[in-house]
Amino acid sequence: MLNKKLNFKKSLVAHALFIAFGGVGTTLTMSNLAYAQSNSTGSIFGQVGTPATASISIVNVETGLKRLISVDASGRFNASALPTGHYKVDLLRDGKMAESTEVDVILGQGSHAIFSNGTQTVEVSGRRIKIDVSNTNNGVIFTAKDLSKLPVSNNLNAIVLLAPNTTKADSAFGGASFGGSAASENAYYINGFPVTNPLSNLGSSELPFGAVGQASVITGGFGTEFGRSIGGVLSVTTKSGTNNWEGGASASISPNSLTSKTKNIYFPNTGQYLLSDGALHFRRELNTNDSSQSAFYLGGPIITDKLFMFIAVDRTVSNNGATNSETNTTLKRDGWNDFHNNNQRYVAKFDWNINDDHRLEWTSLGDDSKIRSRTYGYTQETGTHNDVKFSESNSTNASGPKTGAGSSINTLKYTGQLSNNLTLTAVYGENRATRGTSYENYNVDTLLRAIVADDPDVREPELEKKNLYQNYQKVLGNISLPGTDTVKSSRLDLEYKLGDHTLRAGLDDIKISSSNTGSFTAGGGTWTYGKVKDGAQNVLTNFSVGRPAILANYGGLGSKGYYVTLFTFSSVTDASARQSAQYFEDRYQVSKNLLLTAGLRNEQYSNSSGAGNKFIDVRNQIAPRFSAAWDVNGDASLKIFGSIGRYHLQLPSQVAARAAGVSSYLLQDFTYSGIDGQGQPTGLVKVNDPATPDGELGQNKDPRAVVTKDLKPNYQDELTLGFEHAFNRDFEMGVKTTFRKLKGGIDDSCDTRQISKYAREHGYTPDPYQLLCYIFNPGDDINIWSLDTTGKGRYVHISAADAGYPKAERNYAALDVYAEHPYRNGWYGKINYTLSRSYGNMEGQTRSDTQQSDIGISAAWDFPEFMANSKGVLPNDRTHVLKAYGFVDLDSEWSMGGNLLLSSGRPKLCLGTNTDLDSQIGYGAEYYYCDGKVSPRGSLGRMPTEKRLDMNITYKPNFLKEIALKMDIFNLTNDQTVLTRRETREDGAGRLLNNYGEARDTAFPRSVKFTIEYKHKF
């Protein structure tokens, strides 16, 4: 939803090639987001001399769409809300053509049509040589042609990661971090419709990669039309049919035989564990990775110049295999995992030019991912697996951002040129995303608790000799029930041209409903076997929920230090949310060289529980924004620009599952004396009763007790400054600075001690079932509802000082530098360098440190004690990032492309247990405190530098014009850099974990993809 922007007197050859927005983003075939009026259209602007008797005729040469517009008294003209494509622009005098030029209309941008002041000239469509001086957005636009020449994976996130100021997010969440933000803080659009994952805000719906017409990656500085993002925006337009029928098909394969072996993962050498130190943990050299893809498209006119169609489908099938942990006790039964993924995507688009002033577009798109997971027996000694199946599950759209949102989307868009100066755009659509998992020959309600005993040091030797530490529960962890997420979205935009001003206003409304959010523990719970430190069985030691006990006093194997913990969890519920916004913007052409844009956006959102109770209602999210662009020399060779603005972010509907739903999170410790034939402990003696660290007891929750009164918005302020300079037709460069400051954060607190204190001081007994975690603004005063045992309630005021939390902080600063060689003399190249720092105590809505899946309500802020030493460089901080990509046409048949990434590693961390403090809290390793001393965030250095080089080569034989053969090599140097590691050092009793510091995620090994493409024009 880029801003419509007013016509502007700037000399810039239209057919822009890729220019870095704000000094780092640029498109390979076009300029920055100029005259950005909409996230799915563009505009054509310019100026003519002697405006008397002049008018402008615009014709899309591919679809016949026509527009006749007038010229104002100063000679300026601007045609907005134009579909992307190639246009012929004629200057008419007294109705007769005087001059002509051709331009490409680019997504969210303005294309400059240039005319002489007398002599007829024709601007042949070609590469731009001037700077786009009509905008201040920060981003980059890629066309289908660009993407076909670069070695990139066939998904939207691969496009995002080409842009500057973006980094790969943690593998637990997928997606990307824009400008230091969290992975859930971005907005995604396809043909103007919001396709962000409605449940979690992570990732988006996908589409056939070959259907991508243009993709705009906006990393900052966007105008008031965009909202619900404090990270960035990805806006995609699909291809459309034209007056020429065209079809094509492709097939590709990535064989396992040409994929390098994945590096194994070993236990770190702690010096404390004889059995595991330095031992093989995951034998990944046996991993298998095979994939293939087939695709088809067809587009053309149903009625020439009037009605067009375009359809595209693709299907990706992958087969992957991997072993379980080498320390797993049931490898011979279920040690091999086999995954079969069938992912199908489609797009159907119909465009109807009702007449020259009115247009309808209908888009239907979907992505559907089905994963079949099986386990088989695996023999360590031989490194082989058998064909005896132990378990099978079938999931539909269960992997979220890694496979798409599983959406089925239908949208209808109307564009009307109501007068020469007034344009109306309206969009309505519905998005339905289904998800769920079924299990072969398995009842999810069967009571058979899973057991966890992968650490060989927690197994009692005599029981281990009998091989009793085995898991017989086919499903480990939590189960999600089948559910559906539904989004209904409507939007209205108006643009009115008034002299030197272009006025824009709009509103939107989004309704979200989700069924069966959350999950529950399979088999009725999980037994986790444990052991206290050697010699500590007769010492007071903290167990679950921080409860101290002397283990030996409870008999059984407790006398040797062995115990077992029962964990049960459930958070299944329904949820709903509503989001709306209004905006106004004025683009004022102050002079020939200076454009000022000022706007105001107001957003609202609410979240409701499964019972329909609204527990979050945030209004008056006022976001002023201002930007300026100065064409210094008046010839579009040098631009100085800047922007300042405020941006807000909503909470996803998933937050209801834990915050307001009927959830339970219970822990209980036992000693045991034996294990039965199904891995279940016997001779149990309870060390303590079931307890929860955060108030989740399976009770109904009063919505006033789970959110502070007058919750403030989650928002961020941003400032950008930069310049761009076109030295000549062969060289451009730019520099941009970005400053972002998180001004208001939201998370949840589970510290009810101040509420209990207030109750004591005011003579009432608080209802223990309503002492709950609550959503709040860290560092602000707290007003939270408190119920007593008689059902009477009142608001409790807790000052910020008494609450003890620091303000949520995240400060991001970046310097971006780019240099670009536009496509000339058969080659194109671009280099982006970013020097940045993301610093504070809040990553955002996600928590990469522990990969917690609860978006917006992490454990990081549950108690103020957790925040000591939490300020430092954040997980998405990458000090130095160099990105370079380009392509070269070797001759008329052969071409090559490359994509290079060099990136500083992620900061290391240590989370441990402060046993003195945790006896009051009971969370375990949630403190920046390890091995008995503080361990401040950012004090442990960084992971290794990530180095990745992708290359491709394409052969288009002259004797077979419609055929192309392509080979992509990803990670050419096979640099399997460790990207993340396990950051939790200790268990709840302060005992060192044997996998602290172990690699958690590494770069994918070298792989090769072969593709054959066929295209035919009828």
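**Exercise 1. Classifying a residue**

Arg982 has a relative accessibility of 27%; does that make Arg982 buried, partly exposed or exposed?

*Solution.* Start with the cut-offs: buried means under 20% relative accessible area, exposed means over 50%, and partly exposed is in between (1.4 Å probe, protein chains only). With its 27%, Arg982 counts as partly exposed.

Before you go on, a word about the model: it is predicted, so local features need pLDDT of at least 70 and side-chain atom pairs count only at pLDDT 80 or more, while totals for chains, interfaces and linings use all residues. Residues are numbered from 1 along each chain as its sequence is written, and side-chain values use heavy atoms, with hydrogens and water left out.

**Exercise 2. Salt bridges**

Which residue does the side chain of Glu998 meet in a salt bridge?

*Solution.* Step one is the general idea: side chains of opposite charge can pair when their charged atoms come close. Step two is the rule: a salt bridge needs a side-chain nitrogen of Lys or Arg within 4 Å of a carboxyl oxygen of Asp or Glu. Step three is the search: the partner of Glu998 is Arg982, at 3.3 Å from N to O. The pair links distant parts of the chain, 16 residues apart, with both Glu998 and Arg982 in the loop between strand 58 (978-981) and strand 59 (999-1002). Here a strand is a DSSP run of E with at least two residues, numbered from the N terminus. Glu998 itself is buried, with a relative accessible area of 1%.

Now try two further pairs, and then the total.

- Asp617 and Lys614 form a salt bridge with their closest N and O atoms 3.9 Å apart. Asp617 is partly exposed at 40%, and Lys614 is partly exposed at 45%.
- Arg948 and Asp950 are joined by a salt bridge too, the closest N and O atoms being 3.2 Å apart. Arg948 is partly exposed at 24%, whereas Asp950 is buried at 6%.
- Counted by this rule, there are 59 salt bridges.

**Exercise 3. Around Glu983**

What does the side chain of Glu983 make a polar contact with?

*Solution.* First locate the residue: Glu983 lies in the loop between strand 58 and strand 59. Next check its exposure: Glu983 is buried, with a relative accessible area of 3%. Then apply the definition: a polar contact is a pair of N or O atoms within 3.5 Å; within protein, one must be able to donate a hydrogen and the other to accept it, and residues adjacent in sequence count only if both atoms are side-chain atoms. The partner is the side chain of Arg981, at 3.1 Å. Finally, look for contacts, meaning heavy atoms within 4.5 Å. Setting aside neighbours within four places in sequence, Glu983 is in contact with several residues, including Asp849, Pro907 and Tyr996.

**Exercise 4. Pairing strands**

How many bridges join strand 20 to strand 21?

*Solution.* Two strands pair if DSSP finds at least two bridges between them. Strand 20 (residues 307-323) and strand 21 (residues 336-355) run antiparallel and share 17 bridges. As an example, Asn320 has Phe339 in strand 21 as its bridge partner. Strand 21 also pairs with strand 22 (residues 358-379), in the antiparallel sense, over 19 bridges. Asn343 stands opposite Ser369 in strand 22. These two strands, 21 and 22, form a hairpin with two residues between them.

Notes
Helix = DSSP H or I, 4+ residues; strand = E, 2+ residues; numbered from the N terminus.
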